[in-house]
Amino acid sequence: MARNQRNLKPDIILKNYWRDNARFADLFNAVLFQGEQVIQPHELEDLDTESSTILEHKKQAEGIAASRDNIKIRKKSTAYGIEFVMLGNESQEYIDYAMPMRVMGYDYSAYKKQYDSNAAKYKKAEGMEEDEYLSRMKRADRFMPVITVTVYYGKKPWDGAASLHGMLNIPEALRKYVNDYRMLLVEARKNNLVLHNMNNVDLFNLLEILLDSSRSAGEIRSRAIGYTKERRVDRAVILTAAGALNNQIDYNALEQRGDVNMFTVFEETRIEGREEGREEGREEGREEGREEGRAEEIIETGYEFGLSDDDILGRLQKKLDISSEMAQRYFREFGKRTV
């Protein structure tokens with residue numbers, strides 16, 4: 001992995017994961033059709049590679065894609081009488097209380113760009129009725145429907161609105177007259193999706209473990225490591241789960257190892273919560289507190305992953321850049337707590 005990818009942001013990792021057509025199709029089949037295999041991976045094309053078949057200009061397609069996390073076109077399908085469908089995926093790591101309005105804006109932008117591209121064909125009134133010419137749209141013209149799914153990766157239950165009405169203060173007598181706009185929301189922490197793609201199954205199962213606020217950090221770490229070992233979870237899934245949780249990980253170091261698993265992810269993660277806890281009331285010795293917390297994490301994860309004492313000592317020296325004597329001191333202090 002190139003060095004400039006070391007500081008990859010979570011949204012980039014998630015975009016890369018959902019770029020895969022098989023995973024993308026599986027997610028939309030789960031959300032829209034309760035797992036029925038209606039959308040096939042081979043029917044999907046990335047919008048930013050579409051030249052002229054659907055939208056008149058490639059720049060229009062790229063303009064739509066630029067504002068979305070992932071957007072694809074489903075082509076050559078006769079299911080439900082729809083020939084073309086535009087599918088968008090948005091990833092959220094925090095609760096956005098304006099999300100229904102954002103989704104409405106994304107979808108409107110996609111429709112507007114389709115309209116603009118279509119209208120560009122009608123520069124002359126020849127063959128058009130007056131109303132058609134003024135509208136820059138023929139009576140028979142139709143656009144692709146747009147469907148957006150928002151996946152929320154936060155720990156807290158989503159307590160924001162799931163539709164435009166939820167954002168508005170509407171007198172009950174007027175509610176039926178105010179147009180609503182509903183968003184399709186998936187909470188990674190807890191959902192009933194019927195998934196068939198094994199990467200997706202592992203991703204959402206792993207996220208449910210990692211986002212379980214009812215368990216201690218040690219329990220979560222142990223369960224996550226156990227799950228990935230038992231299932232032999234794909235490295236892309238592990239890195240995506242870590243990215244979804246916004247873990248501060250040295251991805252370059254992980255890539256060089258070649259054995260990415262939940263143990264190495266926990267080992268590379270900066271345990272911010274633990275460090276902050278150690279810092280309270282300890283303005284002096286701040287650096288020592290950080291190192292102690294890191295040492296304890298390395299020892300705990302080492303035991304959970306079944307490493308030998310010598311391997312753990314070696315990792316302490318390498319990860320913390322400390323002497324053998326200091327590693328042994330940490331091992332004596334924290335090793336007794338974890339066995």
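Me: Helices (H or I, at least four residues) and strands (E, at least two) are DSSP runs, numbered from the N terminus. On that basis, what comes after H8, and what is the sign of its phi?

Reply: Asn 246 follows H8, and its phi is positive, near 60°. The model is a predicted one, in which local features need pLDDT of at least 70 and side-chain atom pairs count only at pLDDT 80 or more, while totals for chains, interfaces and linings use all residues. Residues are numbered from 1 along each chain as its sequence is written, and side-chain values use heavy atoms, with hydrogens and water left out.

Me: How many helices and strands does the chain hold, and what share of its residues is buried?

Reply: The chain has 14 helices and 5 strands. Of its 339 residues, 45% are buried, where buried means under 20% relative accessible area, exposed means over 50%, and partly exposed is in between (1.4 Å probe, protein chains only).

Me: What makes H8 count as largely enclosed?

Reply: Helix H8 covers residues 235–244, and 8 of its 10 residues are buried, so the rest of the structure largely encloses it. The buried ones are Val 237, Ile 238, Leu 239, Thr 240, Ala 241, Ala 242, Gly 243 and Ala 244.

Me: Why is Thr 240 called buried?

Reply: Thr 240 has a relative accessibility of 3%, so it falls under the limit and counts as buried. This residue sits in helix H8. With its neighbours within four places in sequence set aside, Thr 240 is in contact with Ile 13, Leu 14, Tyr 17 and Leu 203; contact here means heavy atoms within 4.5 Å.

Me: What makes the approach of Asp 234 to Ala 236 a polar contact?

Reply: A side-chain oxygen of Asp 234 comes to within 2.8 Å of the backbone nitrogen of Ala 236, at the start of H8. A polar contact is a pair of N or O atoms within 3.5 Å; within protein, one must be able to donate a hydrogen and the other to accept it, and residues adjacent in sequence count only if both atoms are side-chain atoms. The Asp 234 pair therefore meets the distance limit.

Me: Why is His 196 placed in the partly exposed class?

Reply: His 196 has a relative accessible area of 43%, which lies between the two cut-offs, so it is partly exposed. It is located in the loop between strand S5 (184–187) and helix H6 (198–210).

Me: Which residues does His 196 touch, leaving aside its neighbours within four places in sequence?

Reply: They are Asp 26, Gly 35 and Gln 37. A polar atom of the His 196 side chain is 3.0 Å from the backbone oxygen of Gly 35. The C-alpha atoms of His 196 and Arg 23 are 9.1 Å apart, although 173 residues separate the two along the chain.

Me: How do you know that Asp 141 has no salt bridge?

Reply: A salt bridge is a side-chain nitrogen of Lys or Arg within 4 Å of a carboxyl oxygen of Asp or Glu. For charge, Lys and Arg count as positive and Asp and Glu as negative; His and the chain ends are not counted. The nearest side chain of opposite charge to the buried Asp 141 is Lys 121, at 5.1 Å, so the limit is not met.

Me: What does the side chain of Asp 141 meet instead?

Reply: It makes polar contacts with the side chains of Asn 118, at 3.0 Å, and Tyr 122, at 2.8 Å. Asp 141 itself is in the loop between helix H5 (130–135) and S4.

Me: What makes S2 and S3 a strand pair, and in which sense do they run?

Reply: Two strands pair if DSSP finds at least two bridges between them. Strand S2 (residues 70–74) is joined to strand S3 (residues 85–92) by 5 bridges, so the pair qualifies; the two run antiparallel. Arg 74 is opposite Val 85 in S3, and Ile 73 is opposite Met 86. S3 also pairs with S4, in the parallel sense, over 7 bridges. Ser 91 has Val 151 in S4 as its bridge partner.

Me: Why are S1 and S5 called edge strands?

Reply: The open sheet has 5 strands in the order S1-S2-S3-S4-S5, with mixed pairing. Strand S1 (44–46) and S5 each pair on one side only.

Me: What makes S3 largely enclosed?

Reply: 8 of the 8 residues of S3 are buried, so the rest of the structure largely encloses this strand. Val 85, Leu 87, Asn 89 and Ser 91 point one way, whereas Met 86, Gly 88, Glu 90 and Gln 92 point the other way.
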